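Reader: I am new to this one. Please walk me through the labels and show me what backs each of them.

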Amino acid sequence: MVTHTVKDRHRPDRFRRLWEEIAPIGRDERSGGYLRYALTEPELRLREWFRAQADERAMPVTEDGNGNLFAWWGDPDAGDAVLTGSHFDSVPHGGAYDGPLGIVSAWLAVDELRAAGVTPSRPLVVGAFVEEEGARFGVPCLGSRLLTGQIAVDRAGGLRDAAGVSFAEALGARPAGADPGLLGRFGAFVELHVEQGRALVDQDAPVAVASAIWPHGRWRLDFTGEGNHAGTTRMADRRDPMLTYAFTVLAANKEARLRDAHATVGRVVVEPNATNAVPSRVTGWLDARAAEPDTLDGLVEAVRSKAGERARRDGTEVTLTEESATPLVAFDGGLADRLARLLAAPVLPTGAGHDAGVLAAHVPTAMLFVRNPTGVSHSPAESATDADCAAGVVALARVLEELLR
């Protein structure tokens, strides 16, 4: 039986003290949510905080040229390092825990390991990945996709935000792209994340281990018609792309329900966006997810077909363009089972995407979830108790201790 030196409990007040250092950064007073878009002022402040935490622990920080930060406990050139961490950026008016909890917990886990006198036999790395949500430049997990070569450098560098600023401009340089040398130094990756659901409430458990991430992606739907005057254009003469768009949103919802899948259209841009004008163009973004790849493919194809049929009836045109797609990710089964036994924790799948899902194709990867009593995520209602977060710190520290042997 393996004996662990990490304490059974991490004091919630210790978690709260470190958490409060970042809690005000990027919070919107009106909504209570966060506006921490990648490489904007709030996220840059959090990156400086990351560097300060690394300095306090004498862990030198390196950058990979793609916006990702890595703090090293041990020789960066030694190889077989254990990587942990998450991201700082948020969706618009998102919750506090999605992303930052994994980074704060990583620092506290390092403290627990050192307090327990653990001497790692391989390096331990705390990482912060850039643009995980894709809320600014449109492609989720952009930093980890660049690191692993899953997106072309020119495409990534040319991605633009709503103000027209490119990722390369925000980064201050052309992205470096794939770095096999750096990636090859990592022997395992463990990402702790707030639960995005409430399965752990039902199971009365503070922490779980992830089994898999559903396949998912984002598709842009461009609807075009004829802009015209709202007061003088007869209804029979209209070629209104808003009608095609509205039908498509309802069709996506219906097709997802028929397949026990998920479909969401949460973003739309209208031109000319005037109350008294028939739109000339409507652009919407479909987020689609399913437990199996074939189900996801069938869902997207059904949405494409239904939108096309409606466009012909409305006298409009529609195109559907894939912007990002992530296949089914089954985490390292042996590692997940090993950690579940170690923590006596339940094992759960998730429909949410993560940097861990990108890294899993290259590095043995696992995820831990911390209970979310509301079950709500990507919203100010997202939450976790300090006691559960402290339990997450202990769980992560034990996992890291196990992997560092």
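Reader: Where does H93 lie?

Author: Keep in mind that this is a predicted model. H93 sits in the loop between β3 and α3.

Reader: What makes H93 partly exposed?

Author: Its relative accessibility is 25%. Partly exposed covers the range between under 20% and over 50%, so H93 belongs there.

Reader: What is the phi of H93?

Author: Phi is positive, about 55°, although H93 is not a glycine. Most residues other than glycine have a negative phi.

Reader: Which residue other than glycine has a positive phi near 55° in the loop between β15 and α13?

Author: That is H378, with phi near 55°. H378 is found in the loop between β15 and α13. Its relative accessible area is 38%, and H378 is partly exposed.

Reader: And the peptide bond from E271 to P272, cis or trans?

Author: Cis, with omega near 5°. P272 lies in the loop between β9 (262-271) and β10 (277-278). Most peptide bonds are trans.

Reader: How do you know that R122 and D80 form a salt bridge?

Author: Their side chains meet at 3.0 Å, N to O. The cut-off is within 4 Å, so the pair qualifies.

Reader: What does the pair of R122 and D80 tie together?

Author: R122 lies in the loop between α3 (100-115) and β4 (124-129). D80 lies in the loop between β2 (69-73) and β3 (81-87). The pair therefore ties together parts that are 42 residues apart in sequence.

Reader: Are R122 and D80 buried or exposed?

Author: R122 is buried, at 16%. D80 is partly exposed, at 43%.

Reader: Why is the pair of E402 and R405 called a salt bridge?

Author: The closest N and O atoms are 3.8 Å apart. The limit is 4 Å, so the name applies. E402 has a relative accessible area of 12%. Buried means under 20%, so E402 is buried.

Reader: Which residues are joined into one network by salt bridges that share partners?

Author: R220, D222, R281 and E323.

Reader: What about R234 and D237, which also meet in a salt bridge?

Author: Their side chains come to 2.8 Å, N to O. R234 has 57% relative accessibility. Exposed starts over 50%, so R234 is exposed. D237, at 40%, is partly exposed.

Reader: How many salt bridges does the structure hold?

Author: The structure holds 26.

Reader: How do you know that E382 has no salt bridge?

Author: The nearest side chain of opposite charge, R36, is 8.0 Å away. A salt bridge needs atoms within 4 Å, so R36 does not qualify. E382 is buried all the same.

Reader: Which backbone nitrogens does the side chain of E382 reach?

Author: The backbone nitrogen of Y97 lies 2.8 Å from a polar atom of the E382 side chain. The backbone nitrogen of D98 is also reached, at 2.8 Å. E382 itself is placed in the loop between β15 (365-370) and α13 (386-403). Beyond its sequence neighbours within four places, its contacts include G95, V194 and N372.

Reader: Why are α2 and α3 called roughly parallel?

Author: Their axes cross at roughly 10° and come within 11 Å. Angles under 35 degrees count as roughly parallel, so α2 and α3 fit the label.

Reader: Which residues make the contact?

Author: W49, F50, Q53 and A54 of α2 meet I103, V104 and W107 of α3.

Technical notes. Residues are numbered from 1 along each chain as its sequence is written. This is a predicted model: local features need pLDDT of at least 70, side-chain atom pairs count only at pLDDT 80 or more; totals for chains, interfaces and linings use all residues. Side-chain values use heavy atoms; hydrogens and water are left out. Helices (H or I, at least four residues) and strands (E, at least two) are DSSP runs, numbered from the N terminus. Buried means under 20% relative accessible area, exposed over 50%, partly exposed in between (1.4 Å probe, protein chains only). Lys and Arg count as positive and Asp and Glu as negative; His and the chain ends are not counted. A polar contact is a pair of N or O atoms within 3.5 Å; within protein, one must be able to donate a hydrogen and the other to accept it, and residues adjacent in sequence count only if both atoms are side-chain atoms. Contact means heavy atoms within 4.5 Å. Axes are lines fitted to C-alpha atoms, for helices over the stretch in contact, and angles run from 0 to 180 degrees between N-to-C directions. Angles under 35 degrees count as roughly parallel, over 145 as roughly antiparallel, 65 to 115 as roughly perpendicular and the rest as oblique.
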